[in-house]
Amino acid sequence: MDMHSQKHKKSLIRVLFIASEAEPFVKVGGLGDIAGSLPRAIQKLSHESAAETRIDIRLCIPFYKSISLPLETLSFIGKLEIPKLHGSVRGEVYSTKIEGVIVYLIKSPVISNDPKIYNQDTRKDGQKFVFFSLACLELTKVLGWNPDILHANDWHTALAVYMLGTLRREGKFYRNSHSLITLHNLPFMGAGTEKAMKEFLVPAISTDELPGWACYQPLPMGLFFADAIVPVSPQYAKELLTPEYGYELSSYFHKFKSKMIGILNGLDYSLWNPEQDACIPSKFSLSTLEARKNNKSELLKEFSFPEIPDIPLLIMISRMDQQKGIELALEGLRNLADQKWQAIILGSGDPMLEQKARLLQTDLPEKVRVALRYDSTLAHRMYAGGDILLMPSLYEPCGLSQMIAMHYACIPIARATGGLLDTILKTTEERIGTGFLFTGKTSEAFAKELLYALRIFHQPSIWKRIQKKAMQKDFSWQKSAIEYINLYERLMENKP
Ligand code: ADP
């Protein structure tokens with residue numbers, strides 16, 4: 001090799017990115033969007049850029065029963081076996097490729113016997129995700145491909161990081177493997193999986209750094225050994241240091257602040273682009289905002305709403321979960337029943353919240369429509385035709401809906417927390433922002449901000465400026481991908 005080519009040879013970082021869901025294979029929530037997009041964005045950037053480092057990032061997800069892929073697109077990679085207290089559980093690994101990223105799918109009866117991706121009762125998910133986490137590590141052995149970085153996401157895959165932490169002390173294979181966990185939602189720690197961990201011979205941690213209960217829960221166990229913890233927004237990273245958001249782990253986060261770095265998620269512009277969105281009646285751009293009017297009319301027709309000029313259409317697209325502040329919104333809307341607005345609420349989840357949404361529709365039939373289901377194409381039509389997105393989350397690690405909404409010129413009104421605070425520029429009397437933010441946790445605080453937004457809505461020239469500013473915000477994955485690559489490089493500088 002001559003000097004010239006040697007100088008330009010890129011160093012290689014091998015990353016195994018593991019997650020419980022990833023688009024386009026399986027998506028339940030935001031994690032699916034992220035695990036689908038981020039590896040592709042990192043791979044693309046590393047191929048295109050002149051940077052010294054090349055990233056070989058591969059994705060690994062469970063092969064759920066609901067994933068149906070044409071056989072000819074799959075390659076059989078090999079078999080694996082994970083020991084258990086009594087016997088073992090076998091699995092098979094298949095691979096496919098998507099936009100240049102190798103994707104491994106791990107198949108096993110433990111995974112495919114459960115028709116659900118997630119169960120309300122985490123105990124039912126224990127076997128599946130404990131097995132999957134261990135199988136991800138085993139996979140690297142089957143491949144003879146030891147990752148430089150094991151990149152896990154949330155509790156479902158955190159045990160892989162934990163086991164890596166114990167194994168790399170012992171053996172050669174993982175000696176140089178670093179680990180990181182992207183933290184999408186702290187309160188879901190995997191409680192209830194203790195029995196499954198015992199069955200799969202996963203030992204508890206013995207440490208004074210974590211509260212006793214956390215020493216046998218997958219997420220804290222993984223966080224303990226992770227070389228880096230990445231909350232999905234800088235603001236969420238700060239909030240985790242407080243007992244309100246970090247719960248009993250806040251003092252652990254405080255102590256290990258140096259390994260925490262908040263990185264915002266991006267938006268997949270190939271899926272969310274109002275100029276090319278095949279799901280919406282009228283495509284539009286910054287310069288053709290007027291076309292949104294037709295999207296709104298169609299949406300109003302679809303929901304049998306009378307079309308009355310100048311009435312703002314409020315939308316809510318959300319999991320029905322306490323986290324999302326659904327009750328704040330429902331109560332706040334009820335309190336503003338004398339104002340002019342119409343609202344469409346799309347969401348499913350907690351039956352009690354669904355019932356409350358239904359009740360609001362019954363009580364305010366002129367104003368409210370609810371669609372209690374998961375409906376991806378309807379979500380597109382709503383972002384493209386709605387005027388205001390309601391997102392009063394009690395906590396929001398990052399949030400995608402507000403980014404999608406802004407990109408579609410639908411203006412968010414949100415609680416000033418986590419990623420909502422990092423992505424929405426608050427509109428005030430003095431400043432044109434990209435949305436509206438409120439701080440309290442009451443329906444009154446929400447209603448007050450909504451009233452303000454409704455007042456601004458009736459000043460069309462200001463409203464249009466807000467819409468344009470919102471559409472121009474850069475939420476591309478490229479930004480986050482650069483930050484992740486920088487983090488991988490920094491991790492590689494230290495010995496694990
Ligand atoms: P989370 O991941 O906490 O559910 P995010 O705002 O990060 O919240 O991401 C939610 C994603 O799921 C967005 O793409 C949103 O449009 C979509 N979504 C949520 N509920 C529904 C629904 N009922 N139908 C269609 N899409 C939905």
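**Exercise 1. The cavity**

How many cavities of 30 Å³ or more does the structure hold? Find the lining and sort it by class.

*Solution.* Keep in mind that this is a predicted model. Start with the count: there is one cavity of 30 Å³ or more. Next, the volume: the largest cavity comes to about 40 Å³. Then list what lines the largest cavity: Asp-33, Ser-37, Gly-266, Leu-267, Asp-268, Leu-271, Trp-272, Leu-400 and Trp-477. Finally, sort that lining: five residues are nonpolar, two are polar and two are charged. If Gly-266 gave you trouble, Gly counts as polar here.

**Exercise 2. The second largest pocket**

Work out which helix supplies the largest share of the lining of the second largest pocket.

*Solution.* First, get the space: the second largest pocket has about 600 Å³. It is lined by 18 residues, and those closest to its centre are Lys-293, Lys-296, Asp-310, Asp-387 and Phe-457. Now look at the helices: α11 (292-302) and α18 (460-472) each give at least two residues to this lining. The largest share belongs to α11, with five residues. As a last step, class the lining of this pocket: eight charged, seven nonpolar and three polar residues.

**Exercise 3. Strand β9 and its partners**

Is strand β9 largely enclosed or not, and which strands does β9 pair with?

*Solution.* Take burial first, with the cut-off at under 20% relative accessible area. In β9 (residues 313-320), seven of the eight residues are buried, so the strand is largely enclosed by the rest of the structure. Now the pairing. With β10 (residues 342-349), β9 runs parallel over eight bridges, and Leu-314 sits opposite Ala-343 in β10. To get from β9 to β10, the chain goes through helix α12 (residues 326-335), making a right-handed β-α-β crossover. With β12 (residues 388-391), β9 is again parallel, over two bridges. There, Ile-315 has Leu-389 as its bridge partner.

**Exercise 4. Helix α14**

Why can helix α14 be called largely enclosed, and what do the buried residues of α14 pack against?

*Solution.* Count first: of the 10 residues of α14 (residues 376-385), eight are buried, so the helix is largely enclosed by the rest of the structure. Name them next: Leu-378, Ala-379, His-380, Arg-381, Met-382, Tyr-383, Ala-384 and Gly-385. Then follow their contacts: the buried residues of α14 pack against the helices α11 and α15 (401-407). They also pack against the strands β9, β10, β11 (368-371) and β12. You've met some of these already: α11 helps line the second largest pocket, and β9 pairs with β10 and with β12.

Definitions and conventions: Residues are numbered from 1 along each chain as its sequence is written. This is a predicted model: local features need pLDDT of at least 70, side-chain atom pairs count only at pLDDT 80 or more; totals for chains, interfaces and linings use all residues. Side-chain values use heavy atoms; hydrogens and water are left out. On a 1 Å grid over the protein atoms alone, a cavity is a set of points where a 1.4 Å probe fits but cannot get out, and a pocket is an open set with protein on both sides within 12 Å along at least five of seven lines; lining residues have an atom within 4 Å of a point. Grid points are joined across faces, edges and corners, and a volume is the space filled by probe spheres set on the points. Helices (H or I, at least four residues) and strands (E, at least two) are DSSP runs, numbered from the N terminus. Buried means under 20% relative accessible area, exposed over 50%, partly exposed in between (1.4 Å probe, protein chains only). Two strands pair if DSSP finds at least two bridges between them. A crossover is right-handed if, with the strands pointing away from the viewer, the path from the first strand over the helix to the second runs clockwise. Contact means heavy atoms within 4.5 Å.
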